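Open the model in your viewer and keep the selection box handy. We will go from the whole chain to a sheet, then to a helix and a single side chain.

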Amino acid sequence: MLLLFLQDYNCTVDFVSSPFLVREMSVNGTKGPLETLRLDLMDQTTSMYADADVVVFNTGHWWTHEKTSRGEDYYQEGNHVYPRLKVLEAYKKALKTWARWVDKNIDGSRTQVIFRGFSVIHFRGGRWNSGGKCHKETEPISNEKFLAKYPSKMKVLENIVQEMKTTVLYLNISRLTDYRIDGHPSIYRRQYNTVEEQIAAMHFQDCSHWCLPGVPDTWNELLYASLLQAGKGSWGS
């Protein structure tokens, strides 16, 4: 169905993997090669979408992983590798690099720039696939006291977008996603053949990714509505 749709409308959709938007590097450290994140350089994939009619950016989820959240000997600007840098400050620096690149390289009168917000996760006290609380959840959260605080990373994004020359549509999906504790694959991410495996899986719930069809379909509907509302290019007709 997707292929037919694309052919009918002479449309090409590309998925470009760039988890941080800025560039992952490898430098020589005192103990050998050191993986770093170059906060002042865009990822090398930028040439793939500079001339798109619509480009949807997103980063946030990978900034919660252990290496990025710890921030030790990982973040780099120029030739300087920070011995330690708070993840929120690093995220701010990366988004400022992204904002400068967009303002310099994308024609806002031709290309609609969109930034989809941070997808809220439902795990506590563990990594992305542990400490989860979404097993056997069949309904969205109904009591707002169980919702997480609004992501500080999205507050950073909102402030940066306001200072940009290019108009950026912000798809704020953080709060509506937080309600959907029932939408994760949880222990059903893989097949467990024995009772023992099922019991062990309770400690490794995947409460970060989403089932399909499911929550991401709502994001797509919001994206479509936002494009219609913006009315730029062919979306205006």
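In this tour, buried means under 20% relative accessible area, exposed means over 50%, and partly exposed lies in between, using a 1.4 Å probe and protein chains only. This is a predicted model, in which local features need pLDDT of at least 70, side-chain atom pairs count only at pLDDT 80 or more, and totals for chains, interfaces and linings use all residues. Residues are numbered from 1 along each chain as its sequence is written, and side-chain values use heavy atoms, with hydrogens and water left out.

**Stop 1: the whole chain**

Start with a cartoon view. You should find seven helices and seven strands; here helices (H or I, at least four residues) and strands (E, at least two) are DSSP runs numbered from the N terminus. Walking from the N terminus, you meet them in the order α-β-β-β-α-β-β-α-β-α-β-α-α-α. Of the 237 residues, 39% count as buried. Among contacts (heavy atoms within 4.5 Å) between residues at least 6 apart in sequence, 72% join residues at least 24 apart.

**Stop 2: the three-stranded sheet**

Now select 54-57, 112-116 and 168-171, which are strand 3, strand 6 and strand 7. These three form an open sheet in the order 3-6-7, with parallel pairing. Strand 3 and strand 7 are the edges, each pairing on one side only. From one strand to the next, the twist averages 25°; angles run from 0 to 180 degrees between N-to-C directions, and axes are lines fitted to C-alpha atoms, for helices over the stretch in contact.

Two strands count as paired if DSSP finds at least two bridges between them. Strand 6 has four bridges with strand 3 and four with strand 7. To see individual partners, show V54 opposite Q112 and V55 opposite V113. On the other edge, I114 has L169 as its bridge partner.

**Stop 3: strand 6 from both sides**

Show side chains on strand 6. Which residues lie on each face of this strand? Q112, I114 and R116 are on one side, V113 and F115 are on the other, and all are buried. In a regular strand the side chains alternate between the two faces of the sheet. Because five of its five residues are buried, strand 6 is largely enclosed by the rest of the structure.

Next, add helix 3 (residues 87-105), which lies across strand 3, strand 6 and strand 7 and runs at about 165° to strand 6.

**Stop 4: helix 7**

Select 215-230. Helix 7 has 16 residues and reaches 23 Å from its first C-alpha to its last, close to the 22 Å expected at 1.5 Å a residue; the expected span is 1.5 Å times one less than the number of residues. Color V215, P216, W219, L223, S226 and L227, the buried residues of helix 7. They cover an arc of only 125° around the axis, so they sit on the same side of helix 7; the arc is that of the directions from the helix axis to the C-beta atoms.

That buried set packs against strand 3, strand 6, strand 7 and helix 5. Turn to the face pointing away from the buried side and you will find the exposed residues E221 and Q229. Just after the helix, G231 takes a positive phi of about 65°.

**Stop 5: L176**

Finish in helix 5 (residues 174-178), where L176 lies. Is L176 buried or exposed? At 31% relative accessibility, L176 counts as partly exposed. Leaving out residues up to four places away in sequence, L176 touches T218, W219 and L222. For a last distance, pick the C-alpha atoms of L176 and V120: they are separated by 8.9 Å, with the two residues 56 apart along the chain.
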